[in-house]
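Welcome! Let's take a friendly walk through one protein model, topic by topic. Have a look at the picture before reading on.

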Amino acid sequence: MTTHAPRTSGQFLSLGELLVDMIVTDGAPRLAEAETFVARPGGAPANAAVALATLGMPAAFMGMVGDDQFGDKLQEALAARGVDITRLVRTPEAATTIAFAWKDRRGDGNFWLLRAADTLLTPADVEVAGIQDCAALLLCSISLSTGASRSATWRAAEIAAEAGVPVVFDVNLRPTLWRDLSEFAPACQPIFDRATIVKLSLDDAAGLFGGMLGHEDAVRRTAEIAHRSSVVLTDGGRGAWFVPAGSSEVVHVAPFEVDAIEPTGAGDAFTAALVRRLSDAGWRAPVLEDLRYAAAAGALATTRPGAWDGLPNARELESFLTTRA
């Protein structure tokens, strides 16, 4: 893991998609069977930005939305949550991106995206974003699935790495966005080469390596291709597994049992909480207590509906951990 001098100032910048989540509300385990939905702000990088702001961190977001009513809604919603939106770009050339979200019979979240404005972010936009002055840069693989935003994401990671800014990469594969899944791993590699933290799921690992793996194998193999990074694998109610950078030991983090209502945003709450812990610790390699803190945030986020309304603040998180000590 690359060491970074502790940063006492600067924003935590999330870059990628900001969209409208059309969330299934009638419990249908398949999108084709759903009849009722609720529209809520979403997108993993945007969720992470709101999660950071909710934890009291100086959060900012960069991405692109349409010059339309959904774009207005999302811009206002981010600002209302305390996220800096000065890097949010509006375009008349495409509509705001929409995603459908539902929970399957296993209880895991599923998503289907209708991409539009978020794909149009360019390297030129990134060049003037002040990434070199940020406290950390949070990225997601969804922006890697198409040309312009892929180049923008690569350039953002490059700027951050050159400036010594920690890069946090949520692999977050959505197979329907890739015409050829064999392109997925090569598109991710420039981020792996610069990442401080890599977070993924078993399904993400299957996309990277061409087949399902066990938890420990998935973490180890990811650590081999992201050799400078600490790697964290999350698997919902089954817990998390991680390998600190420079180590070959896989550590399991037991899940917290909660009465889960909706999984949307839980992974982003996990990421934000982990970023908070590691930032406070000067970006040393993560230890078990860091992951327990993150796992608690993810668990709490499932106990309330909605990606943003379910995100815990620092007081709620500390109180929860105290009761589970």
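Are Phe169 and Phe192 buried or exposed? Both Phe169 and Phe192 turn out to be buried. Keep in mind that this model is predicted. The points below start with aromatic rings, then move to a helix, a sheet and a few single residues.

**Aromatic rings**

- There are five aromatic pairs in the structure.
- One of them joins Phe169 and Phe192 in an edge-to-face arrangement, with 5.5 Å from centre to centre and 65 degrees between the planes.
- This pair links distant parts of the chain, as Phe169 belongs to strand S9 (residues 167-170) and Phe192 to helix H5 (residues 184-192), 23 residues apart.
- Phe256 and Phe320 also form a pair: their ring planes stand at 65 degrees, with the centres 5.3 Å apart, so the pair is edge-to-face.
- Here, too, distant parts of the chain are linked: Phe256 lies in the loop between strand S13 (251-253) and helix H8 (266-280), while Phe320 lies in helix H10 (residues 314-323), 64 residues away.
- Phe256 has a relative accessible area of 13% and is buried; Phe320 counts as buried at 9%.
- One aromatic cluster is made up of Phe37, Phe100 and Trp112.
- A ring can also have a charge over it: the charged end of Arg277 sits over the ring of Tyr293, 5.6 Å from the ring's centre.

**Helix H5 and its buried side**

- Which residues of H5 are buried? They are Phe184, Ala187, Cys188, Ile191 and Phe192.
- These residues cover an arc of only 145 degrees around the axis, so they lie on the same side of H5.
- The buried residues of H5 pack against three strands and three helices that you can find in the picture: strand S8 (136-140), S9 and strand S10 (197-200), along with helix H4 (147-163), helix H6 (202-209) and helix H7 (215-225).

**A four-stranded sheet**

- Four strands make an open sheet in the order S3-S2-S6-S7, and their pairing is mixed.
- Why do strand S3 (37-42) and strand S7 (109-114) each have one side without a neighbour in the sheet? They stand at the edges and each has a single partner strand, so one side is left free of a neighbour.
- From one strand to the next, the twist averages 25 degrees.
- Strand S2 (residues 19-24) pairs with S3 in the antiparallel sense, over six bridges.
- Val24 is found opposite Phe37 in S3.
- Helix H2 (residues 69-80) packs on this sheet and touches S2, S3 and strand S6 (98-103). The direction of H2 makes about 60 degrees with that of S3.

**Two residues to look up**

- Thr271 has its place in helix H8, and its relative accessible area of 8% makes Thr271 buried.
- Leaving out residues up to four places away in sequence, Thr271 touches Leu138, Val168, Asp170 and Lys199.
- Leu288 is in helix H9 (residues 288-301).
- Is Leu288 buried or exposed? With 36% relative accessibility, Leu288 counts as partly exposed.
- Leu288 touches Phe242, Val251, His252 and Val253, again without counting residues up to four places away in sequence.
- Between Leu288 and Trp241 there are 9.9 Å in space, C-alpha to C-alpha, although they are 47 residues apart in sequence.

Note on methods:
Residues are numbered from 1 along each chain as its sequence is written. This is a predicted model: local features need pLDDT of at least 70, side-chain atom pairs count only at pLDDT 80 or more; totals for chains, interfaces and linings use all residues. Side-chain values use heavy atoms; hydrogens and water are left out. Two strands pair if DSSP finds at least two bridges between them. Helices (H or I, at least four residues) and strands (E, at least two) are DSSP runs, numbered from the N terminus. Axes are lines fitted to C-alpha atoms, for helices over the stretch in contact, and angles run from 0 to 180 degrees between N-to-C directions. Contact means heavy atoms within 4.5 Å. Rings of Phe, Tyr and Trp (its six-membered ring) pair if their centres lie within 6.5 Å; planes under 30 degrees apart count as stacked, over 60 as edge-to-face and the rest as tilted. Buried means under 20% relative accessible area, exposed over 50%, partly exposed in between (1.4 Å probe, protein chains only). A charge sits over a ring if NZ of Lys or CZ of Arg is within 6 Å of the ring centre and within 35 degrees of the ring normal. The arc is that of the directions from the helix axis to the C-beta atoms.
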